[in-house]
Amino acid sequence: MWRIIFTDYKASFSPSILALEPPMTATSLTLIQPDDWHLHLRDGAVLSRTVADTAKQFGRAIIMPNLTPPVTNTAMATEYKARIDAQATGLMPLMTLYLTDHTSADDIRTAHASGIVKAVKLYPAGATTNSAAGVTAMANAYDAIATMEELGMPLLVHGEITHAEVDIFDREKGFIDSQLIPLLERFPKLNLVFEHITTKEAAEFVQSSSYKVGATLTPQHLMYNRNHLLVGGVKPHLYCLPVLKRNTHQQALRDAVVSGNPRFFLGTDSAPHAQGAKESACGCAGCYSAPAAIELYAQVFEELGILHKLEAFASLNGPAFYGLPANDNTITLVKQDWQVPASLNYAGDTIIPLAAGETLHWKLQD
Ligand code: DOR
Ligand code: ZN
């Protein structure tokens, strides 16, 4: 179900007509409520901000487990979910476990049986924020991954190798060749999500793979490339991991969403850090996109002339990959210029949202 209202179009239309006959000026866009298939909410006092920002647009969200300490077992995931639910926003958190060298097959069975843990997250140790307890060698996780394959539980992968000698811009490509392909050859029935892809190689791999591979795409990797991060001075609020790549990779990601391939779906990787932790001698990785996430995606899809493909990307492809129904309700965006706030309160501290101060052309209706 999708519905776009046009000011200057008189007859009825179908997606194929839309694909053939841009440009038309839509003024309102009603979508099945989207979900966020990759989200960091953090914990404690900031939950009131982070959960509410996501809940105003998304029905469900896959909640990343890289807390301190990480969410490594079902009891921790259950307690974390209760703290999110206590915000009473209506957001349905779909919990994940943090895979370590010591996660056992029994840990996976317990998580699956709980019904609240929907997936398991693989961070190569040292790849990103709070990944020190991650997997040091893939073989250490084989028992857990074999059990996930048996149960049909998705493995969510931060796809970067971590060897010091590998250039940071080549770490995703290196992961595909040295880790991902061998992993899928060993576990050919595994449901795997290649998270926050950033390169042409990753997009092509997902598109052409004969395995059960999906991928999430973030707003920042669709909107920006490394020039935005580095030209004219370092922009710490655009620093995330995997890091923004050159513009040809950004274009490949935009082509991936234009393709409409259902393996690609929305995952913001919204990852809040207070302003001081970003604007620092050692700035944290992560972009806080939750306050305007669906509007940011709408802006990209409009630029690409594919607004009619937003609903599948945001609301249908993710549930289909996870074997879940789409949401019952809808959200509406209206064509209206508004400015992303320059800063927001973050439990008494300050946070700078992605695209702070920029004018967006679509606004979520309350
Ligand atoms: O930029 C990132 N921030 N990438 C990640 O993988 C983790 C995240 C975070 O938790 O801050
Ligand atoms: Zn993430």
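The exercises below work through the overall form and the nonpolar cores of a predicted model.

**Exercise 1.** Decide whether the radius of gyration of the protein agrees or disagrees with that of a compact globule.

*Solution.* Begin with the chain length of 366 residues, for which a compact globule would have a radius of gyration near 21 Å. The protein has 20 Å, and therefore the value agrees with the rule. Next, place the C-alpha atoms in a box along the principal axes, which comes to roughly 60 × 45 × 40 Å. Finally, turn to the contacts between residues at least 6 apart in sequence, of which 71% join residues at least 24 apart.

**Exercise 2.** Describe what share of the residues is buried and what the exposed surface consists of.

*Solution.* Taking buried to mean under 20% relative accessible area, one finds that 55% of the 366 residues fall into this class. The protein exposes about 14,400 Å², and carbon and sulfur atoms supply 52% of that area. As for charge, there are 27 positive and 36 negative side chains, with the centres of the two sets 2 Å apart.

**Exercise 3.** Identify the largest nonpolar core, and follow the contacts of Leu-310.

*Solution.* The largest nonpolar core has 92 residues, and those with the most contacts inside it include Leu-99, Phe-194 and Leu-310. Helix α12 (residues 293-303) gives the largest share of this core, with 7 residues. Once neighbours within four places in sequence are set aside, the contacts of Leu-310 include Leu-29, Leu-31, Tyr-297, Phe-301 and Leu-333. Apart from this core lies another, of 12 residues, among them Leu-94, Tyr-98, Val-193 and Phe-265.

Conventions. Residues are numbered from 1 along each chain as its sequence is written. Chains are lettered from A and ligands numbered from 1 in the order in which they are written. This is a predicted model: local features need pLDDT of at least 70, side-chain atom pairs count only at pLDDT 80 or more; totals for chains, interfaces and linings use all residues. Side-chain values use heavy atoms; hydrogens and water are left out. A nonpolar core is a set of buried Ala, Val, Leu, Ile, Met, Phe, Trp, Tyr and Cys residues joined through side-chain atoms within 4.5 Å. Buried means under 20% relative accessible area, exposed over 50%, partly exposed in between (1.4 Å probe, protein chains only). Helices (H or I, at least four residues) and strands (E, at least two) are DSSP runs, numbered from the N terminus. Contact means heavy atoms within 4.5 Å. The radius of gyration is taken over C-alpha atoms; the globule rule is 2.2 Å times the number of residues to the power 0.38. Accessible areas come from the Shrake-Rupley method with a 1.4 Å probe; for residues, only the protein chains shown count as cover. Lys and Arg count as positive and Asp and Glu as negative; His and the chain ends are not counted. The place of a charge is taken as NZ of Lys, CZ of Arg, CG of Asp or CD of Glu.
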